[in-house]
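Me: I'm in my first year and still learning to read structures. Could you choose one part of this one and take me through it slowly, with a bit of the surroundings too?

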Amino acid sequence: AWLAGGGRGGGRTTITASLLAGLVARPVLVGLQGTDALELPLSGLADRTAWATGFATSFGATAIAAACALLAGLAALQTRGARALSLFAVGATGLALALSGHASSAAPQWLARPAVLVHAVSVAIWIGALAPLAAAMLREPAPEAVLARFSRAIPWAVAALVVSGAILAVVQVAEPGALVTTAYGLLLSAKLGLVAALLAVAGWNRFRLTAEVIAGSIKPRRMLVRLIGVEI
């Protein structure tokens, strides 16, 4: 509603489907966490102990917080208190990921957990704005005010994402050489490469296409919609 100006459009169908998929995935992920903790095969999902074990781990708290965030997001699409519910949902998303996982458990905790929270909140804000933005750009005429609003706000989220991500990388990879000599370092290097590509696409959208779209050009607007799909 903040980005697309309310109404029944603004990518609400895509957002609703994504939130419902997340809710369906919550209990399944808890069961998978339990089978992993007990070193069971996938058939272990039929064992009640796997689910109880999954909830008993720190991931249980993550699943509960994530479910609250998803439910708040769904409620925000239907009620007048959308802004407060949306803020709660975004904050709960960050809290959920900060409650468990290797990143949040790294030392020092006072730095790692807030960094994970900020990282997750930044991601949620960025990706959460893309579907409404694409939907707005497909309208005739496209509301240039929506794109201008997005362009002013999103750099702050991207900056927070990059800074918090850098902090987490430094905390977990003590030496630069570990990026190519350890399994985790190789995964992180691959992720950093993908993030660099993502930032390049976002930068092209921001510094090349945005001004042309705001000026009313049709071809750049179509290209922008396609590249938003690439970002998602």
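Reply: Let's warm up at the outside: Ala-56 counts as exposed because its relative accessibility is 67% (exposed means over 50% relative accessible area, buried under 20%, partly exposed in between, using a 1.4 Å probe and protein chains only). This is a predicted model, where local features need pLDDT of at least 70, side-chain atom pairs count only at pLDDT 80 or more, and totals for chains, interfaces and linings use all residues. Numbering starts from 1 along each chain as its sequence is written, and side-chain values use heavy atoms, with hydrogens and water left out.

Ala-56 belongs to helix H2, residues 48-56 (helices are DSSP runs of H or I with at least four residues, strands are runs of E with at least two, and both are numbered from the N terminus). From Ala-56 to Val-30 is 26 residues in sequence, but 9.5 Å in space, C-alpha to C-alpha. Arg-48 also sits in H2, and it is exposed because its relative accessible area is 76%. Arg-48 is 14 residues from Gly-34 in sequence and 9.6 Å from it in space, again C-alpha to C-alpha. The loop between helix H1 (12-37) and H2 holds Glu-39, whose phi is near 60°, a positive value in a residue other than glycine. Most residues other than glycine have a negative phi. Glu-39 is exposed too, because its relative accessibility is 72%.

Now zoom out for a second. The protein has nine helices and zero strands, and its C-alpha atoms fill a box of roughly 60 × 45 × 35 Å along the principal axes. Of its 232 residues, 37% count as buried.

The part I'd pick for a close look is helix H6, residues 144-172. How far apart are its end C-alpha atoms? They are 42 Å apart, which agrees with the 42 Å that its 29 residues should span at 1.5 Å a residue (the expected span is 1.5 Å times one less than the number of residues). H6 has a kink of about 30° at Ala-153, shortly before the proline Pro-155 (the bend is the angle between axes fitted to the seven residues ending at a residue and the seven starting there).

Which residues of H6 are buried? Val-146, Leu-147, Ala-148, Phe-150, Ser-151, Ile-154, Ala-157, Val-158, Leu-161, Ser-164, Leu-168 and Ala-169. Handy background when you read a list like that: an α-helix has 3.6 residues a turn, so residues three or four places apart point the same way.

Those buried residues pack against helix H5 (109-137), helix H8 (183-214) and helix H9 (218-231) (contact means heavy atoms within 4.5 Å). Take Ser-164 in H6 as an example. Ser-164 counts as buried because its relative accessibility is 3%. Leaving out residues up to four places away in sequence, Ser-164 touches Ala-115, Val-118 and His-119.

Next, the neighbours. H5 and H6 pack at an angle of about 150°, and their axes are 8 Å apart (axes are lines fitted to C-alpha atoms, over the stretch in contact for helices, and angles run from 0 to 180 degrees between N-to-C directions). That makes H5 roughly antiparallel to H6 (over 145 degrees is roughly antiparallel, under 35 roughly parallel, 65 to 115 roughly perpendicular and the rest oblique). H5 passes H6 in a left-handed crossing (left-handed if the near helix is turned anticlockwise from the far one by less than a right angle, right-handed if clockwise).

H5 and H9 also pack at about 150°, with axes 10 Å apart, so these two are roughly antiparallel to each other, and their crossing is left-handed. On the H5 side, Trp-126, Leu-130, Leu-133, Ala-134 and Met-137 meet Arg-221, Leu-224, Val-225, Ile-228 and Glu-231 of H9.

Last neighbour: H8. Its 32 residues should span 46 Å, and its end C-alpha atoms are 45 Å apart, which agrees. H8 bends by about 40° at Arg-208. Its buried residues are Gly-185, Leu-188, Ala-202, Asn-205, Leu-209, Thr-210 and Val-213, and what covers them includes H5, H6, helix H7 (178-181) and H9. Just after H8 comes Gly-216, with a positive phi of about 100°.
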